[in-house]
Amino acid sequence: MCGRYVSKIDADVERHFNLSKVAFDFSSYNVAPGRDVPVVRQGEGGERELVLMRWGLIPHWAKEERIGYKMINARAETVASKPAYRQPFRRRRCLIPANGFYEWQKSESGKIPYYIHREDDTVMGFAGLWDSWTNPAGERIESCTIVTTAANTLIQRLHDRMPLIISPDDYTVWLTAESSGASELLVKPVSLRLETYAVSTRVNKPQNDDSACIERVA
């Protein structure tokens with residue numbers, strides 16, 4: 001799964017995702033579920049736009065808002081068939097900008113957190129889905145989930161799942177293609193070179209949100 005990640009919105013992100021404009025600042029070394037996070041989607045005018053959405057998808061048909069806390073991740077193997085994800089996969093795919101993500105490895109002394117990022121330390125685009133839900137008070141809430149896939153050989157020693165990372169060459173397909181075209185990306189191997197290293201348990205608490213979260217430990 002993916003339960004914590006790093007996201008910093010800057011000029012490099014604007015260029016990487018070919019965004020026309022970025023209307024807000026965002027920087028977090030410890031993004032946790034339930035928080036509003038930056039999301040790239042295709043706008044109604046055909047341009048890519050960066051918006052904030054709550055992490056934890058609330059299906060448009062949901063009766064309660066809290067269901068979103070159970071839907072921070074969606075398995076790539078079932079997004080086309082599960083009721084909560086089927087319609088978003090067809091019509092509401094998105095990219096979630098991330099500089100890296102965390103995973104925990106079990107050990108005799110407890111779980112050890114690791115940080116995983118690109119070797120060149122540039123931004124990645126996680127495959128995401130989004131939906132819009134209206135609460136009883138009439139407030140419209142847009143929310144998202146991160147699509148996960150089977151872990152590659154680097155991540156397998158930490159966890160059996162990882163975020164589905166979309167290659168920059170495939171961004172347009174993921175955001176705009178018919179679901180049959182996007183389905184091919186659900187099984188496409190991650191081509192980016194990743195690095196992983198241990199970090200301190202400081203990241204275990206969401207309120208700890210600074211660069212110390214990604215510092216290497218021996």
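User: Happy to dig into this one with you. Why is arginine 216 called exposed?

Analyst: Gladly! In this predicted model, arginine 216 has a relative accessible area of 54%. The word exposed applies over 50%, so arginine 216 earns the label.

User: What makes arginine 216 and glutamate 195 a salt bridge?

Analyst: Their side chains meet at 2.8 Å, N to O. The cut-off is 4 Å between a side-chain nitrogen of Lys or Arg and a carboxyl oxygen of Asp or Glu, so this pair qualifies. Glutamate 195 sits in strand 13 (residues 194-198) and arginine 216 in the segment after strand 13, so the pair ties together parts that are 21 residues apart in sequence.

User: And is glutamate 195 buried, exposed or partly exposed?

Analyst: Partly exposed: its relative accessibility is 24%. Buried would need a value under 20% and exposed one over 50%, so glutamate 195 falls in between.

User: How do you know that arginine 54 and glutamate 65 form a salt bridge?

Analyst: By the distance again: the closest N and O atoms are 2.4 Å apart, which is within 4 Å. Arginine 54 belongs to strand 4 (residues 48-55), while glutamate 65 lies in the loop between strand 4 and strand 5 (73-75), so the pair ties together parts that are eleven residues apart in sequence. Glutamate 65 is partly exposed, at a relative accessible area of 32%.

User: Why is arginine 118 called buried, and what about aspartate 120?

Analyst: Arginine 118 has a relative accessible area of 12%; the limit for buried is under 20%, so the label fits. Aspartate 120 comes to 47%, which is under the 50% needed for exposed, so aspartate 120 is partly exposed. The two side chains meet in a salt bridge at 3.3 Å, N to O.

User: How many salt bridges does the structure hold, and which residues are linked in a network?

Analyst: There are 14 salt bridges. Arg41, Glu49, Arg140 and Glu142 are linked in a network of them.

User: Let's turn to the nonpolar side. Which residues have the most contacts inside the largest nonpolar core?

Analyst: Tyr5, Phe101, Phe126, Val147 and Trp174, in a core of 57 residues. Strand 9 (residues 124-134) gives the most to this core, with five residues.

User: What is phenylalanine 126 in contact with, leaving aside its neighbours within four places in sequence?

Analyst: Its partners include Cys2, Tyr5, Leu95, Phe101, Ile146 and Pro163. Apart from the largest core lies another core, of ten residues, among them Tyr29, Trp104, Val199 and Val203.

Terms used: Residues numbered from 1 in each chain as written. Predicted model: local features only at pLDDT ≥ 70, side-chain atom pairs only at ≥ 80, totals over all residues. Heavy atoms only, no water. Helix = DSSP H or I, 4+ residues; strand = E, 2+ residues; numbered from the N terminus. Buried < 20%, exposed > 50% of the residue type's maximum accessible area, 1.4 Å probe, protein only. Core = buried A, V, L, I, M, F, W, Y, C linked by side-chain atoms within 4.5 Å. Contact = heavy atoms within 4.5 Å.
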